[in-house]
Every structure is written in structure tokens, then in C-alpha cells.
Amino acid sequence: MRSQGQVRFIRVSSRAQKIAAGAAVGVLGMWAASVGALALSQWSAGSESAALAQRAASVAKAEKNVARYRENVAADLSDLARRQQFIEQMVDAHIEELPEESGDAQSTAKPDAEAKKVSLIVPGSGSLADVEAKQLALVERLTRYADGRSQAAMASIRQLGINPNAMISRARMAEGGPLVKLATGADGSVDPRFLTMGKSLARMDALENGLASIPQVSPAHVAYVSSSYGYRSDPFTGGAAFHAGLDFPGPMGSPIYAAAKGRVTFVGQKSGYGNCIEVTHGNGLMTRYGHLSGFRTRVGQDVDAGALIGAMGSTGRSTGPHLHFEVRVNDRPVNPRPFLEAAQRLQGANKSATGGQEENH
């Protein structure tokens, strides 16, 4: 170093140099450590903030989903109520009580995915999916039940010599009335499974009503038929004539019964028939009862098969007490005998199946 115009040298020992160097390294190390700690602290704080933000987003998403499912609970319960109303209306309209469930029938009904999600997430709605599954199982059972009864009715109608499909088609020719919509969804839609059930029940009704409208009960309890359908010699002129029905002879005043359920559409006198009753059964079928001595019914009255409607007589063009019975399809006479003979076979089969407890008229 320079001092008073002279250069002087300061000698530093190696030991002092080492001490100074060590001190410098130590200071640098401490500075580096403090900077690293600060950086680590800042990184850690950033990571925690990011994790907290991610967790907050997840919680918000979950809360949003739960809120959405909670809002859907009311909609799902409303749909279940609509479905229940649909089922109750169908049962009340088509069958008196629910059929017994057969042990071998396995339901494939499963609840919708949305109902399952709601029941799993929202407390208090755990039975939602179970209720829906039970409803769908009932719909399947009612569909099978209706289809089974339809098949039985079709078999019986075929035994009577009538095409059941043609009967269904005729039943659909005259339809109308105010619109009363059915729906299972809030948007007015109908679940296809409920639609299938409704169509099966309607088909069952059409076939069973058609079967019931076919003459199946003898209109008079007599031992024999005195004059058959078709050609005969006229009892008054002796000439060739066509007989459009069956004649049942019997005592004056013997009871006369409706051959099938229907509505009385004529009560009075008709040329050649004397006192006459006509019962319309639907599907173009009508039965006519002539030569009566008295009436036991009135126009517009609904009657069941076997209902008492009149008394045997000899009014009109008649030679003695008897019933002239006609079956007409679209106002054209057909032979009543096949209907009554097939009915006797069916009644015999029903008696065997019920142990002989079938009611007689």
C-alpha cells in the first residue's frame, strides 16, 4: 500500500488468507441458502394455492351436481306419479283387480340411470329407483296378463267360426270422443313400455267384448228345433220358402233369453214376426226374437247373455207357440246353429275346468 510517498507491503499469512476465504465462502453459502429457502417457500406456497384451488373447483363441481340432482328429484317424483296414474287408469278401465304374479315370470325391468344416480347421491331418495323398478315390473306383468287373455279369446272366437282379426278391425271403424291425453313424462311423452301395455289391454278388451257379443246362449230352453235355417216348405202356402232362423217350440209364456250381451234396439211389432225384439251386439251382429207373447225389456236397455227379455207366444205369421230366432251380420241373416253348437262345446269345456259350477240359464 502507499503511505507518505512510499510503497509499503503488508504481508498476510496463509492462515489468515484461509480464514478470510472460509469466511467469504460461508457468507456466500448463507446467502445462497437464504435465497434457496425463499425460493422453496414461494414454490411451496404456489403449489398449496394450486391444490387448494383444484380442491375448491372439485367441491364446487360436486355441489353443483348434487344441486342438479336435488332439483331433478322433484321432476323424477312427478314422473313416477304420472306413471302411477297411467297404471291405475289402465287397471280401472280394463281389469277389476291386479292379476296374481306367477312364480316363473321373471321381470327384466330396471330403473332409469338418472333415478339411480339421484337415489345414490341425494339423502332421503334411496327408494326412488326401487319404486320405479317395481312400477316397470308391474307394467310387464300387466302386459303379459293382457296378452294371455287375448290369446284365449282369439282361440274361442276361432272355434265359433269367426276371424278375430276382422273383429278387431271392425271395432276400430267407429271411434271418437274428446281428447284425454295420457303421458308418463313432463313433456307429454309416453314410455314405450307403458304404450305397449296400453295397446295389449285395449286389444284384450276388443277381443273379449267381441267374444261376448257372439250368440252363445240358447234363447229358449226347449228339447228340439222344429224348423231349421234354410229351405223349407212354407207352413201356410206349402210352397218353397227360405227360413232365415231357427224355430224353438214350447209352452205359451216360456221365458226367452238374450243369446249374447248387447243393447236392445227394437221392441214392438214387425211384419211377419208379430211381437219382436232386436238386440244389437256390436261388430255388425244383431239377434232377432219373433212371435213373442210379451216383453220383459225396453229399447236402450243393456242386457247380458242369458238375460230374460221376453215370453214365448204365437203372434204374427205363426201356427203355434214358438220362438223364431235369427242371427244377422250387417243385416244379412246367417245360420244361428254353428254359434249355438260351438257355444255348447265351450260351455262344456268351462264346466269341466270349473268342476261343473258353471251357471245355467
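This is a short talk through the fold of one protein chain, with most of the time spent on strands 9 and 12.

The model is a predicted one. The protein chain has 361 residues, and 34% of them count as buried. There are six helices and 13 strands. The exposed surface comes to about 21600 Å², and carbon and sulfur atoms supply 54% of that. Of the contacts with a separation of 6 or more, 69% are between residues 24 or more positions apart.

I will take the strands now, beginning with strand 9. Strand 9 runs from residue 285 to residue 295. Nine of its 11 residues are buried, so I would call the strand mostly covered. Which strands does strand 9 pair with? One is strand 8, residues 274–282, which pairs with strand 9 in the antiparallel sense over six bridges. In that pairing Thr-280 stands opposite Met-286. Strands 8 and 9 make a hairpin with two residues between them, and Asn-283 in the turn has a positive phi of about 55°.

Another partner is strand 12, antiparallel to strand 9 and joined to it by six bridges. Thr-287 faces Val-327 there, and Arg-288 has Glu-326 as its bridge partner. Strand 11, residues 308–312, also pairs with strand 9 in the antiparallel sense, over three bridges. Gly-294 is opposite Ala-311 in that pairing.

One residue in strand 9 deserves a look at its backbone. His-291 is not a glycine, yet its phi is positive, near 70°. Is His-291 buried or exposed? It is buried, at a relative accessible area of 4%, where the cut-off for buried is under 20%.

On to strand 12, residues 322–329. Seven of its eight residues are buried, so the strand is largely enclosed by the rest of the structure. Besides strand 9, strand 12 pairs with strand 5, residues 246–249, in the antiparallel sense over four bridges. Phe-248 of strand 5 sits opposite Leu-323. Strand 12 is also joined to strand 13 by three bridges, again antiparallel.

Strands 12 and 13 form a hairpin with two residues between them. Asn-330 is in that loop, with strand 13 at 332–334. Its phi is positive, about 55°, although Asn-330 is not a glycine. Asn-330 is exposed, because its relative accessible area of 57% is over the 50% cut-off. His-291, to repeat, is buried at 4%.

Next is Arg-328, which belongs to strand 12. What does a buried arginine have around it? The relative accessible area of Arg-328 is 11%, which is under 20%, so Arg-328 counts as buried. Its side chain makes a polar contact of 2.6 Å with the side chain of Glu-326. The side chain of Arg-328 also reaches the backbone oxygen of Asp-331, at 3.1 Å. Setting aside neighbours within four places in sequence, Arg-328 is in contact with Tyr-273, Gly-284, Leu-285, Met-286, Arg-288 and Pro-333. Pro-333 is also the bridge partner of Arg-328 in strand 13. Arg-288 is the residue that has Glu-326 as its bridge partner.

Now the nonpolar interior. The largest nonpolar core has 30 residues, and those touching the most other members are Ile-214, Ile-256, Tyr-289, Leu-323 and Phe-325. Leu-323 came up earlier, opposite Phe-248. Which residues does Ile-214 touch? Not counting residues up to four places away in sequence, the list is Ile-157, Leu-160, Ile-162, Met-167, Ala-259, Ala-260, Leu-285 and Phe-339. Leu-285 is also among the contacts of Arg-328. Apart from the largest core lies another, of 14 residues, including Ile-87, Leu-136, Leu-142 and Met-204.

Met-204 takes us to helix 5, where it is one of the buried residues. Helix 5 covers residues 192–212, which is 21 residues. At 1.5 Å a residue the helix should span 30 Å, and its end C-alpha atoms are 30 Å apart, which agrees. The buried residues of the helix are Phe-194, Met-197, Gly-198, Ser-200, Leu-201, Met-204, Asp-205, Leu-207, Gly-210 and Leu-211. An α-helix has 3.6 residues a turn, so residues three or four places apart point the same way. With that in mind, follow Phe-194, Met-197, Leu-201 and Met-204 along the helix, which are among its buried residues.

That is the end of the talk.

Conventions:
Residues numbered from 1 in each chain as written. Predicted model: local features only at pLDDT ≥ 70, side-chain atom pairs only at ≥ 80, totals over all residues. Heavy atoms only, no water. Expected span 1.5 Å × (residues − 1). Buried < 20%, exposed > 50% of the residue type's maximum accessible area, 1.4 Å probe, protein only. Polar contact = N/O pair within 3.5 Å; in protein donor to acceptor, adjacent residues only side chain to side chain. Contact = heavy atoms within 4.5 Å. Core = buried A, V, L, I, M, F, W, Y, C linked by side-chain atoms within 4.5 Å. Areas by Shrake-Rupley, 256 points an atom, 1.4 Å probe, with all protein chains shown as cover. Pairing = 2+ DSSP bridges.
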